[in-house]
Amino acid sequence: MNDLFRDPEKLDISALENWLWDIACVIRGPVDAPKFKDYILPLIFLKRLCDVFDDELRELGDIAKFVDKDPHLVRFYIPQNARWDHLSQLTTGLGEALTDAVRGISRYNPKLQGVIDNVDFNATAQGQRILSDSQLKEVINRLSRYRLGLKDVEPDILGRAYEYLLRKFAEGSGQSAGEFYTPREVAILMSYILDPEPGETIYDPACGSGGLLIKCYLRFLEKYGQPNDTGRLKVPSSIEPLHFFGQDILTSSFAIARMNVFIHDMEAEIALGDTMSRPAFLNPDGTLCRFDKVTANPMWNQDFPLATYEHDTYGRFSFGIPPSSSADWGWIQHMFASLKDPGKMAVVLDTGAVSRGSGNQGSNRERDIRKAFVERDAVEAVLLLPENLFYNTTAPGIILVMRRGPKPLERKGQILLINASQAFAKGRPKNYLTDEHIAAIADIYLNWREITEGSPLRSRIITNEEAARNDYNLSPSRYAPLDNKEEVLPLEEAMVLLEEAEEERTEAERALKEVIKILGLSESGDVTS
């Protein structure tokens with residue numbers, strides 16, 4: 001695997017979390033715990049910007065001395081009073097200096113306006129400074145412990161930091177973190193599955209901090225980049241670049257995604273808003289924009305009201321209305337409706353998304369939607385991931401791969417099911433996929449192979465007809481078991497099934513009452529006048 005995807009040794013997950021906790025401890029007390037991230041993240045981004053800028057100055061060599069006179073010599077410009085080596089030397093007036101620094105950066109770099117310059121480090125409450133200069137000085141000292149250049153830390157270091165602060169403090173105050181941070185190795189695997197090509201458009205409707213988009217960009221850079229004079233990979237101008245689009249409902253995630261695509265010099269549009277109610281990327285006639293590739297890790301089993309689907313004006317839910325207890329197939333249909341023909345999508349969901357409702361007597365909304373997609377030959381692959389990869393759940397996830405338009409001839413009418421539930425390394429606090437696991441899983445998918453023995457991976461290629469015989473259960477462990485282990489229903493999936501059953505019972509009762517009313521009967525069976 002290319003070094004673009006490797007974790008730097010200087011700041012692994014454990015070191016990052018210890019570092020962030022150390023910084024947060026400086027401002028504990030003056031700042032409410034849920035607001036820690038509002039002060040810490042802009043400073044981490046400022047440090048990252050400054051380190052990347054310093055690296056670029058070093059790469060320029062003698063030309064660097066002309067940058068202050070001609071800022072266009074660099075991708076982005078940091079004014080002298082906003083550079084880390086200047087700020088770290090200050091002992092007084094730090095609140096004002098930091099506020100001026102982030103505002104100055106946004107003036108020189110308009111793409112960062114409204115992203116980095118929203119915080120006032122000189123703010124007061126009841127006539128007193130919220131953070132004193134001495135506290136800000138100590139935060140800067142602790143931030144200076146690590147370099148955050150492009151070669152020093154993983155690409156989505158800001159997303160990692162945000163996820164940790166959210167998990168550590170928001171949940172500790174009785175709030176819910178709400179969204180998922182996609183583990184880096186899962187995002188890398190998805191980038192190999194999507195395999196972006198020159199000139200393509202890539203969309204993430206629940207982009208969070210932008211990690212999935214960044215990994216697609218790095219995969220493209222890995223394939224087509226050529227080393228420049230400094231050894232950094234750059235895509236030649238003869239190769240058409242990728243264009244990225246993302247939307248997120250949270251202001252903080254939106255800001256971090258904007259920061260991330262800016263740092264990586266990606267051609268990207270990031271929008272703020274509720275994708276399911278108000279998708280941001282529309283054509284002049286009000287229809288959904290369509291993209292070559294779509295990727296996402298939306299929050300699992302969201303409970304959108306049925307009105308979200310019933311009052312949709314974008315034609316997204318033609319395969320069926322999902323139950324209000326789980327929006328998984330709502331997200332899938334939005335993504336599918338956002339695909340060009342031909343186009344490919346990969347989405348991370350909980351395991352129940354590919355099995356709930358199968359084997360039930362009568363109709364089931366999720367099973368019926370799966371049936372419609374299988375009959376259209378749109379389902380290409382399902383990958384079962386190991387347990388305990390994701391930060392806010394121990395449950396395994398799946399990657400569902402779908403195509404709009406004809407599949408390659410050799411895959412027509414087929415579905416590849418990969419059981420990677422045992423392909424992991426034990427970690428603390430979470431398991432993870434090694435580079436070897438990622439490469440092996442990607443190889444099975446890209447080369448459309450069955451694996452029946454000799455590795456911690458199993459895969460089977462089934463026909464759409466076999467899926468139908470199994471009532472459209474697409475769980476990989478059903479078709480490609482490891483050591484004949486039986487499927488175990490995760491607690492989260494059991495809860496969703498219970499909610500769906502309750503929803504179906506309520507709907508049946510409502511329909512029965514309507515019939516009774518039409519027949520002129522009372523609920524006891526007596527004829528009413």
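A salt bridge is a side-chain nitrogen of Lys or Arg within 4 Å of a carboxyl oxygen of Asp or Glu. By that criterion, the side chains of Lys340 and Asp292 meet in a salt bridge, with 3.6 Å from N to O. The legends below describe this pair and other details of a predicted model.

**Figure 1. Overview of the predicted chain and its secondary structure.** The chain has 529 residues, and buried residues make up 56% of them. Its secondary structure comprises 16 helices and 13 strands. Among contacts with a separation of 6 or more, 72% are accounted for by residues 24 or more positions apart. The accessible surface of the chain comes to about 23600 Å², and carbon and sulfur atoms hold 49% of that surface.

**Figure 2. The salt bridge between Lys340 and Asp292.** Lys340 lies in strand S9 (residues 339–350) and Asp292 in strand S8 (residues 291–296), so the pair ties together parts that are 48 residues apart in sequence. Lys340 counts as partly exposed, at 33% relative accessibility. Asp292, at 16% relative accessibility, counts as buried, because the limit for a buried residue is under 20% relative accessible area. A search of the whole structure finds 28 salt bridges.

**Figure 3. The salt bridge between Arg367 and Asp471.** The closest N and O atoms of Arg367 and Asp471 are 2.8 Å apart. This pair links distant parts of the chain, 104 residues apart: Arg367 belongs to helix H12 (residues 365–375), and Asp471 to the loop between helix H14 (464–469) and helix H15 (476–479). Arg367 is buried, with 6% relative accessibility, whereas Asp471 is partly exposed, with a relative accessible area of 21%.

**Figure 4. A salt bridge within helix H12, formed by Lys371 and Glu375.** The closest N and O atoms of Lys371 and Glu375 are 2.8 Å apart. The two residues are 4 residues apart in helix H12, and are therefore separated by about one helical turn. An α-helix has 3.6 residues a turn, so residues three or four places apart point the same way. Lys371 counts as partly exposed at 31% relative accessibility, and Glu375 counts as exposed at 53%.

**Figure 5. Helix H8 and a network of salt bridges.** Helix H8 covers residues 211–224 and has 14 residues. From its first C-alpha to its last, H8 reaches 20 Å, close to the 20 Å expected at 1.5 Å a residue. Because 12 of the 14 residues of H8 are buried, the helix is largely enclosed by the rest of the structure. The buried residues include Leu212, Ile214, Tyr217 and Phe220, and among them are also the charged-pair participants Arg219 and Glu222. Arg219 and Glu222 are linked with Asp195, Glu197 and Lys223 in a network of salt bridges.

**Figure 6. The buried helix H11 and its surroundings.** Helix H11 spans residues 328–337, and 10 of its 10 residues are buried, so it is largely enclosed by the rest of the structure. Among the buried residues are Trp329, Trp331, His334 and Phe336. The cover over the buried residues of H11 includes strand S3 (201–204), S8, helix H10 (307–310), S9, H12 and strand S11 (397–404).

**Figure 7. The largest nonpolar core, viewed around Leu46.** This core has 59 residues, of which Leu11, Leu46 and Leu49 touch the most other members. At least two residues of the core come from each of helix H1 (13–27), helix H2 (36–60), helix H3 (84–87), helix H4 (94–108), helix H5 (133–143), helix H6 (157–170) and helix H9 (251–263). H2 supplies the largest share, 12 residues. Leaving aside its neighbours within four places in sequence, Leu46 is in contact with Ala82, Trp84, Leu87, Leu98, Val102 and Ile105. A second, separate core has 50 residues, including Leu189, Phe254, Trp300 and Phe390. In soluble globular proteins, nonpolar side chains tend to be buried together.

**Figure 8. A nonpolar patch at the surface.** Ile63, Phe66 and Leu73 make a nonpolar surface patch of about 260 Å². Phe66 is found in the loop between H2 and H3. With 44% relative accessibility, Phe66 counts as partly exposed.

Methods: Residues numbered from 1 in each chain as written. Predicted model: local features only at pLDDT ≥ 70, side-chain atom pairs only at ≥ 80, totals over all residues. Heavy atoms only, no water. Expected span 1.5 Å × (residues − 1). Buried < 20%, exposed > 50% of the residue type's maximum accessible area, 1.4 Å probe, protein only. Core = buried A, V, L, I, M, F, W, Y, C linked by side-chain atoms within 4.5 Å. Contact = heavy atoms within 4.5 Å. Patch = residues over 30% accessible without salt bridge, like charges linked within 9 Å, V, L, I, M, F, W, Y side chains within 5 Å. Areas by Shrake-Rupley, 256 points an atom, 1.4 Å probe, with all protein chains shown as cover.
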